[in-house]
Amino acid sequence: MTENKPNRNELLEWINVVSFAVDDVKLFLDTHPCNPDALEYFEEFKKQRVQALREYAKYYGPLTLDTVHTPADYWCWINEPWPWQEGGC
Amino acid sequence: MWNYEKRLQHPVRITQTNPKIAQVIITQFGGPDGELAASMRYLSQRYTMPYKEVTGILTDIGTEELAHMEMICAIVYQLTKDLTPEQLIESGFDKYYVDHTLALWPQAASGAPWTATYFQSKGDPITDLHEDMAAEQKARTTYDNILRLVKDPEVCEPIRFLREREIVHYQRFGESLRIVQDHLDSKNFYAINPEFDIRSRN
């Protein structure tokens, strides 16, 4: 059941990496909206980011409202530590 | 509208408190060249910006500045966590503590409260983009000044990340200024103000 469970810190680090790639290229695309390399880069990392956020939410709680697992019987958004707290992201 | 993401843009994990240095770093929360002023500056200027690339950059950089404000607050929070009355007096953090306890409040290192007079929203794209480029450089200098005072690598690391973002933002605002000027009369960029003199655009 837990054999495929990803390491929490590694997954979080990966989320930070792919999210930063998206954040940075997004600004570049604002001023270079037709750059094909940047568009391809954005698409690739956006895909990785969505997938990583979904995976994180599954095992360690949601980081975004879109990945909150609704059928749960508890409002898990408030469950995990906030980013500035110990153990937070 | 905005959505919150429950993580910092770049991790902040500080294990040693240091109220003296917190008092300096708080200036990037509520000081004249801090992240709160940066975010409010860009998010205020964007409404009347007539060029879509520049409206995009003001929106997206203004949003990133909110994430930087959160990182600065996390740094100050972690540097001042669980301080004792003795530590407060020794470090000189007692003057902040008496008004705010250990809560975050936007002020400059000198104690001056945050004010909207720290930024301008002038309604002229050339004027505003020059302000924005200057603001990024002033924030970069402030981070350089902070880095000269900080020795703890756990504090230096996120500060260096924030400093680098100032340089990237400066570059993007420079490109934005070029885009604005490409729309204007190259013989006289100041012949008209495109935020006022060109009507019924939309």
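Q: In which hand does α1(A) cross α8(B), left-handed or right-handed?
A: In this predicted model, helix α1 covers residues 8-31 of chain A and helix α8 covers residues 153-182 of chain B. Where α1(A) passes α8(B), the crossing is left-handed.

Q: Is α1(A) roughly parallel or roughly antiparallel to α8(B)?
A: The two helices pack with their axes 9 Å apart, at an angle of about 15 degrees. Angles under 35 degrees count as roughly parallel. The relation of α1(A) to α8(B) is therefore roughly parallel.

Q: Which residues of α8(B) do Asp24(A), Leu27(A), Asp30(A) and Thr31(A) meet?
A: These four residues belong to α1(A). By class, the contact of the two helices has three nonpolar, two polar and four charged residues. On the side of α8(B), the residues met are Val168(B), Arg172(B), Glu175(B), Ser176(B) and Ile179(B).

Q: How many nonpolar residues are on the side of chain A that touches chain B?
A: In the contact between the chains, 16 residues of chain A face 22 residues of chain B. The side belonging to chain A includes three polar and four charged residues. Its nonpolar residues number nine.

Q: How many helices does chain B have?
A: Along the sequence, chain B reads α-α-α-α-α-α-α-α. Its strands number zero, and its helices number eight.

Q: What percentage of the residues of chain B count as buried?
A: Chain B has 202 residues, and its C-alpha trace spans about 65 × 30 × 30 Å along its principal axes. A residue is buried if 20 or more other C-beta atoms lie within 10 Å of its own. The share of chain B that counts as buried is 38%.

Note on methods: Residues are numbered from 1 along each chain as its sequence is written. Chains are lettered from A and ligands numbered from 1 in the order in which they are written. This is a predicted model: local features need pLDDT of at least 70, side-chain atom pairs count only at pLDDT 80 or more; totals for chains, interfaces and linings use all residues. Two residues are in contact if their C-beta atoms, placed from the backbone, lie within 7 Å. Ala, Val, Leu, Ile, Met, Phe, Trp, Tyr, Cys and Pro count as nonpolar, Asp, Glu, Lys and Arg as charged, and the others, Gly among them, as polar. A residue is buried if 20 or more other C-beta atoms lie within 10 Å of its own, exposed if 12 or fewer, and partly exposed in between; C-beta atoms are placed from the backbone. Axes are lines fitted to C-alpha atoms, for helices over the stretch in contact, and angles run from 0 to 180 degrees between N-to-C directions. Angles under 35 degrees count as roughly parallel, over 145 as roughly antiparallel, 65 to 115 as roughly perpendicular and the rest as oblique. A crossing is left-handed if the near helix is turned anticlockwise from the far one by less than a right angle, and right-handed if clockwise.
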